[in-house]
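Trainee: I have a model open and want to learn how to read its inner spaces and packing. Where do we start?

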Amino acid sequence: MRRLIDLLIGVTMVLILLPAISRGAEKARPNVLLICVDDLKPALGCYGDPLAKSPNIDKLASRGLRFERAYCNQAVCSPSRNSLLTGQRPQSLGIYDLATNFRIAAPDLVTLPQHFKQQGYRTESLGKIFHVGHGNQDDRVSWSVASWKSDRDAYVLPKSKIRRGSTREGTPSPSSPARNRPRGAAYEAADAPDNAYPDGATADEAVHRLQAAATRPDQPFFLAVGFVKPHLPFCAPRKYWDLYDRASFEPAARQTPPDGAPEYAPQFGGELRRYKNIPGEGLLPPELQLTLQHGYYAAMSYMDAQIGRVLDELDRLDLASNTIIVFWGDHGWHLGDHGIWCKHTNYEQAAHIPLIVVAPGVTQEDTVSSSLAETVDIYPTLCELANLPRPAAQEFDGASFLQTLRDPSQATKDAIFHAYPRTPKDREPLIGRAVRTSRYRLVEWKQPGADPATADLELYDYEADPAELKNLAAEQSAVVSELREILAQQPEARPQITRPR
């Protein structure tokens, strides 16, 4: 009888304690702060850039692990963000443009924030996370509440704006990509507070959302905060321009494409040339190049300050010890190297991205890894860090780099993959599929499904030629063969899907 009484008492105690145990487990689940930055190359102090004034991102890097060799999956906004939020490369989705929503290709796919929401997280989106615009839209089912976007204008000064009905100065040639969609100034330095511009307002809102999250300790959060700078136009309060000595900038040493590269592989700044006072074609004047470099760095430092405000609030609220922080740039940016401006290529300056991860209890302070990583790796990694099951019956193109977070000397993979489309004159659309190893990049340009023998090839050796001065494909056949074997193990790239009308 005594044993029966003891058993009943034990069962009763378990039933009493279960709700508390459940609440404790719920509280223990880590939060996620995902910081996305638009057009940010690794032009940061923590990446060794001697010009960069980026104290807040540098401080973040000192708290966790910085990837030296992280790459986007396509150097343009929407496809890159699709890769982050779906775990699928553009080649798998068949989406390489800005306008096509990923759900047209994969209507039932569970996105990264959607999966966390299904697992009990409160998911929120501030600023630019999914690419919204050009006919594309947000993904409502991914978020617990409606996405928030700043209502601030890109410009503070009236003179910077384009007047309705006006056209850009100069007369671009009929073939110039700058012939349509005139925009305002390419840069602006205003005596204005930080929150006069969109990123400052986004930081304000992020602080508010963190404060609200602190009042809900029993519900973990997945907060995605997207900053738009240093995306064009390079607009920032004047104090961030004043951080830099203009004399410290120099035009890029090489202002012509790599020797032997296909003529269609580079691009020459069509996005930039739509802004007023930017020549429609040809090399930019040296003084303008210096101004644009200055503007890019000023915009970066402005964005860095906004990130600092968000991280300071995370610390003030005592949330950091249970929050995974991922800092990610969606792609790089050319600042005149090879005569190229903006992104939209398969070259190193466009594909190389900053990636920093702080995972309490997993990462160590101020660590660096040379392991290759790509954007599609982040989704499966966050699932493992948060101890969440992967979405049922859903395959990832990437691989978790959790082992690298635990031990930076452990490589997750030997190669990463990215792509960019081109439609050369009088030819069918091509996809430039690229494989990047620690030393080489091979780009195979061909129509999807076409015989590999029809491909144009680019090969660059980053030990012997870090500036990509020469396409070595014709000279190093053994390396080409080795890299093509790696590329051949990947599924064939899908052509761009057609949006339903």
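Trainee: How many cavities of 30 Å³ or more does the structure hold?

Mentor: First, a caution: this is a predicted model. Now the general idea. Rolling a probe the size of a water molecule over the atoms shows where empty space is left. In this case, the structure holds 3 cavities of 30 Å³ or more.

Trainee: How much space lies in the largest cavity, and which residues line it?

Mentor: About 50 Å³. The lining consists of Asn-56, Lys-59, Leu-60, Arg-63, Gly-308, Leu-311, Asp-312 and Asp-315. Two elements, α2 (55-63) and α9, each give two or more residues to that lining.

Trainee: How do the lining residues of the largest cavity divide by type?

Mentor: There are 4 charged, 2 polar and 2 nonpolar residues.

Trainee: And which residues line the second largest cavity?

Mentor: Its volume is about 40 Å³. Around it sit Ser-78, Arg-81, Asn-82, Asn-101, Phe-102, Phe-130, His-131, Asn-136 and Gln-137. By type, that lining has 6 polar, 2 nonpolar and 1 charged. Helix α3 (residues 77-86) gives the largest share, 3 residues.

Trainee: Let me stay with that helix. How many residues of α3 are buried?

Mentor: Start with the general rule. An α-helix has 3.6 residues a turn, so residues three or four places apart point the same way. Now count burial in α3. 10 of its 10 residues are buried, so the helix is largely enclosed by the rest of the structure. The buried residues include Cys-77, Pro-79, Arg-81 and Thr-86.

Trainee: What covers the buried residues of α3?

Mentor: The cover includes two strands, β1 (31-37) and β9 (323-329). It also includes the helices α4 (90-93), α5 (102-105), α6 (112-118) and α11 (378-385). Look just past the helix too. Gly-87 follows α3, and its phi is positive, near 75°.

Trainee: Is Arg-209 buried or exposed?

Mentor: Use the cut-off: buried means under 20% relative accessible area. Arg-209 has 13% relative accessibility, so it counts as buried. Arg-209 belongs to helix α7 (residues 198-214). Set aside its neighbours within four places in sequence, and Arg-209 is in contact with Glu-124, Leu-126, Val-145, Trp-148 and Leu-223.

Trainee: Now strands. How many residues of β15 are buried?

Mentor: The general idea comes first. In a regular strand the side chains alternate between the two faces of the sheet. For strand β15 (residues 430-436), 7 of the 7 residues are buried, so the strand is largely enclosed by the rest of the structure. Check each face. Leu-430, Gly-432, Ala-434 and Arg-436 are buried on one side. Ile-431, Arg-433 and Val-435 are buried on the other.

Trainee: How many bridges join β14 to β15?

Mentor: 7 bridges join strand β14 (residues 416-422) to β15, and the two run antiparallel. To find the register, take Arg-422, which stands opposite Leu-430 in β15. Then look at strand β16 (residues 440-446), which pairs with β15 over 6 bridges, again in the antiparallel sense. There, Val-435 stands opposite Leu-442. β15 and β16 form a hairpin with 3 residues between them.

Trainee: What about nonpolar cores? Which residues touch the most other members of the largest one?

Mentor: The largest nonpolar core has 65 residues, and those touching the most other members are Leu-33, Ile-35, Leu-272, Tyr-297, Ile-307 and Phe-327. Helix α9 gives the largest share of this core, 14 residues. A second, separate core has 49 residues, among them Leu-34, Ala-351, Leu-405 and Ile-497.

Trainee: Which residues is Leu-272 in contact with, leaving aside its neighbours within four places in sequence?

Mentor: Its partners are Ala-186, Leu-232, Ile-278, Leu-284, Leu-292, Trp-341 and Cys-342.

Trainee: Last, an open space. How many residues line the second largest pocket?

Mentor: 36 residues line it, with Lys-41, Asp-49, Tyr-297, Asp-337 and Gln-349 nearest its centre. You met Tyr-297 in the largest nonpolar core. About 970 Å³ of space lies in this pocket. Its lining divides into 16 nonpolar, 13 charged and 7 polar residues. β2 (65-71), α9 (286-316) and α10 (348-351) each supply at least two of them. β2 gives the most, with 4 residues.

Methods: Residues numbered from 1 in each chain as written. Predicted model: local features only at pLDDT ≥ 70, side-chain atom pairs only at ≥ 80, totals over all residues. Heavy atoms only, no water. 1 Å grid on protein atoms, 1.4 Å probe; cavity = no way out; pocket = protein on both sides within 12 Å on 5 of 7 lines; lining within 4 Å. Points joined across faces, edges and corners; volume = space filled by probe spheres on them. Nonpolar A, V, L, I, M, F, W, Y, C, P; charged D, E, K, R; others polar. Core = buried A, V, L, I, M, F, W, Y, C linked by side-chain atoms within 4.5 Å. Buried < 20%, exposed > 50% of the residue type's maximum accessible area, 1.4 Å probe, protein only. Contact = heavy atoms within 4.5 Å. Pairing = 2+ DSSP bridges.
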